[in-house]
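Please examine the sequence and the model shown below. The briefing that follows begins with one helix and then turns to the DNA strands.

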There are 2 protein chains.
Amino acid sequence: MSDQAPDSPARRKPTSYDVARHAGVSQSAVSRCFKPGASVSKKMRERVMKSVRELGYTPNAIARGLITRRSNMVAVIVSNLHFYPEILSELSARFSERGVHVLLFTLDHESDVSRILDQVWQYQVDGVIAAAHLAAEQVAQFQERGIPLVFYNRSYRDLPVSSVCCDQVEGEHQLVNLLAGNGTHKSFAIIAGPSDSVVSMQRTQGAIDRLQELGVDDITEAAGDYSYSSGRRALQQLIAERGAAPDAVICANDMMAMGVMDELRFHLELDVPGDVSVVGFDGVRAAHWSSFDLATIEQPVESMTEAAVSMLMERIDNDALPPEKRTFSGVLRAGSTVRGA
Amino acid sequence: MSDQAPDSPARRKPTSYDVARHAGVSQSAVSRCFKPGASVSKKMRERVMKSVRELGYTPNAIARGLITRRSNMVAVIVSNLHFYPEILSELSARFSERGVHVLLFTLDHESDVSRILDQVWQYQVDGVIAAAHLAAEQVAQFQERGIPLVFYNRSYRDLPVSSVCCDQVEGEHQLVNLLAGNGTHKSFAIIAGPSDSVVSMQRTQGAIDRLQELGVDDITEAAGDYSYSSGRRALQQLIAERGAAPDAVICANDMMAMGVMDELRFHLELDVPGDVSVVGFDGVRAAHWSSFDLATIEQPVESMTEAAVSMLMERIDNDALPPEKRTFSGVLRAGSTVRGA
DNA sequence: TGCGCTGTTGCATCCTGTTGCAATCCCCTC
DNA sequence: GAGGGGATTGCAACAGGATGCAACAGCGCA
């Protein structure tokens with residue numbers, strides 16, 4: 001009588017009720033067969049699973065999430081500019097091991113943040129990893145709503161939030177020590193990232209402080225946006241300002257450092273490190289390539305992602321855990337872009 | 001009497017019932033205030049919204065998805081190796097414009113696929129973008145379940161599935177024409193990607209066919225895994241086999257081409273393009289850098305992602321739409337790695 | 001055979017919104 | 001003031017599975 005073909009491809013997906021009817025048991029029995037550790041006899045489980053296979057049943061994670069108040073999803077918020085693909089796939093893999101799924105949010109403009117957060121609340125995620133800048137009142141909303149939040153590679157000195165970072169200041173000190181080791185560099189330039197980036201601020205300030213400790217006072221500053229081309233532009237601007245290239249350029253990240261290297265070598269006909277030394281920060285893949293072999297600080301990405309994931313999961317399982325900041329030391333990679341190193 | 005502090009941070013999130021009670025209206029009225037185009041009087045909407053603000057209510061997308069059978073989530077499946085960050089953020093942004101969220105799945109090993117698909121079914125996603133290889137029977141499951149699927153940058157010649165591709169064969173023809181244009185190249189090498197990559201197969205076969213059309217018969221082949229270092233290794237192996245460097249190296253993607261360039265220039269002391277010409281495929285950012293300035297085919301990433309997203313959305317809204325394959329032409333970028341070009 | 005204990009199972013209710021339908025309201029017209 | 005019609009609003013039935021509690025089965029032991 002029905003006008004729907006019994007095996008039409010658009011037929012309704014089977015539910016636990018369908019399975020229960022087919023197996024001649026109650027719906028709750030079916031439910032229990034999918035709950036690890038539930039009290040189900042072997043006979044019951046086999047009977048149910050047989051029907052499950054025959055009907056092609058898959059539990060509905062949405063419905064489950066509604067009643068358990070656990071969606072098993074976490075949001076990962078990344079701002080477009082500074083995102084390394086490795087981190088994202090690393091995060092995704094590690095969450096996946098724990099049966100948790102990643103809902104991805106990318107930010108084009110900082111103004112999107114509140115719109116994004118609205119979405120985050122709606123989707124009932126169990127927790128959030130933020131690799132983007134949030135305002136203090138936005139951070140406060142997480143606390144109000146009881147949603148665990150872990151910052152990745154940025155920390156808020158005066159806010160009680162969890163974060164995983166690489167020690168930016170220590171890293172810059174290592175780089176400056178490498179540069180200053182043999183006294184061949186007199187003038188220094190620093191190319192910062194975007195002015196609203198706390199990480200850039202920490203890195204550049206770390207470098208400046210160490211330089212000043214060592215008695216250097218010829219320091220010029222410029223800023224880019226973390227991209228290759230912005231590194232090149234910043235260098236041009238810097239040289240226009242100074243009238244000559246500095247002895248060493250300290251860049252807030254590797255991308256800009258590689259831009260600087262290419263500008264020096266291919267457009268200004270200067271040798272790296274013969275004429276100018278260059279250092280970066282991050283340890284991205286391309287920095288290892290023979291074309292660059294850049295001196296940089298390698299962030300321990302694996303340890304950092306593992307830490308971020310486990311911190312978040314712990315806080316999802318136990319909401320009484322206080323915020324915690326974990327800082328990892330970066331590893332100096334000397335490369336061959338520093339004169340005399 | 002309650003032992004729960006009234007403003008404890010862990011208090012239950014307000015639901016539409018709480019809002020309704022607070023505003024003195026029915027729960028369905030609250031629901032309608034969040035449904036665009038629903039019949040709600042201005043007075044009612046204001047009254048409800050006032051309570052919404054006062055209680056800090058956010059609709060629960062999970063519960064909504066349960067009844068509407070639309071989760072407004074799509075799964076994006078990427079296999080680790082060949083993924084460009086740009087594509088992912090591009091996809092995420094375009095879906096976001098349409099109010100759709102991205103659930104990210106990354107594949108480490110091909111064996112993960114069926115486990116991943118299981119997760120995909122459970123999460124009731126409205127559709128799937130796959131930038132990974134699926135077996136024919138896995139593709140069939142999508143049809144059975146009525147979940148729209150669009151492949152990104154890989155197509156199945158003999159399967160009725162939707163896909164968005166760059167024309168690999170045409171692109172290779174352009175590259176070979178560029179190389180062969182002035183008759184200075186006699187011997188050619190081809191570095192393919194992994195053997196299970198259909199894209200790599202198409203690209204290398206496209207190049208070989210065109211070379212043979214032009215009467216070239218000195219062609220050596222090797223394979224890498226799409227990575228920079230595998231390009232270098234493949235070149236070494238190739239030279240060991242031939243006894244000398246070929247006149248031109250055609251690489252299945254840009255990463256390997258850059259590896260080849262670096263191996264040639266920095267380890268074999270050969271000039272590019274003076275001694276050896278190199279071409280890639282993809283048009284990744286680094287290919288544009290002055291260090292490489294690689295001859296390659298630029299995939300029209302924006303058009304392709306837009307096409308993938310709109311194809312998927314159309315099929316989510318209308319499940320009667322037949323599969324469609326869309327192929328975009330790549331744009332030749334001459335660069336400066338081809339002798340005499 | 002009867003009793004108590006442990007391990008299973010089913011019942012009923014709950015989670016949070018959405019929506020068809022019917023009741024109601026408001027305002028205007030006659 | 002009564003009647004009519006469209007716009008609003010509320011009621012109640014879902015969507016699909018989780019779970020506390022009570023009922024019950026099976027088994028060992030007296």
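The buried residues of helix α10 of chain A are covered by elements that include β6 (188-192), β7 (219-223), β8 (248-251) and α11 (254-267) of chain A. Here buried means under 20% relative accessible area, with a 1.4 Å probe and protein chains only, and helices (H or I, at least four residues) and strands (E, at least two) are DSSP runs numbered from the N terminus. This is a predicted model, in which local features need pLDDT of at least 70 and side-chain atom pairs count only at pLDDT 80 or more, while totals for chains, interfaces and linings use all residues. Residues are numbered from 1 along each chain as its sequence is written, chains are lettered from A and ligands numbered from 1 in the order in which they are written, and side-chain values use heavy atoms, without hydrogens and water.

**Helix α10 of chain A**

- Helix α10 covers residues 228-242 and reaches 21 Å from its first C-alpha to its last, close to the 21 Å expected (1.5 Å times one less than its number of residues).
- Its buried residues are A:Tyr228, A:Ser230, A:Gly231, A:Ala234, A:Leu235, A:Leu238 and A:Ile239.
- An α-helix has 3.6 residues a turn, so residues three or four places apart point the same way.
- Just after the helix, A:Gly243 takes a positive phi of about 90°.

**DNA strand C**

- Of the 29 residues around DNA strand C (a heavy atom within 4 Å), B:Ser16, B:Gln27, B:Ser31, B:Arg64 and B:Ile67 come nearest.
- A polar side-chain atom of B:Arg64 lies 2.5 Å from a phosphate oxygen of this strand, and a polar backbone atom of B:Ser16 is 2.6 Å from a phosphate oxygen of the strand.
- Of the atoms of DNA strand C within 4 Å of the protein, 58% belong to sugar or phosphate, and the rest belong to bases.

**DNA strand D**

- DNA strand D is surrounded by 30 residues, the closest being A:Ser16, A:Ser31, A:Tyr57, A:Arg64 and A:Ile67.
- A polar side-chain atom of A:Ser31 lies 2.5 Å from a phosphate oxygen of DNA strand D, and chain B contributes B:Ser41, with a side-chain N or O atom 2.8 Å from a phosphate oxygen of the strand.
- Helix α4 of chain A gives the largest share of the surface near DNA strand D, 5 residues.

**Confidence**

- Chain A averages a pLDDT (the predictor's confidence in each residue, from 0 to 100) of 91, and 95% of its residues score at least 70.
- Over residues 1-10 of chain A, pLDDT stays under 50.
- Where pLDDT is low, the predicted coordinates should not be read in detail.

How values were computed. Buried means under 20% relative accessible area, exposed over 50%, partly exposed in between (1.4 Å probe, protein chains only). Contact means heavy atoms within 4.5 Å. A polar contact is a pair of N or O atoms within 3.5 Å; within protein, one must be able to donate a hydrogen and the other to accept it, and residues adjacent in sequence count only if both atoms are side-chain atoms.
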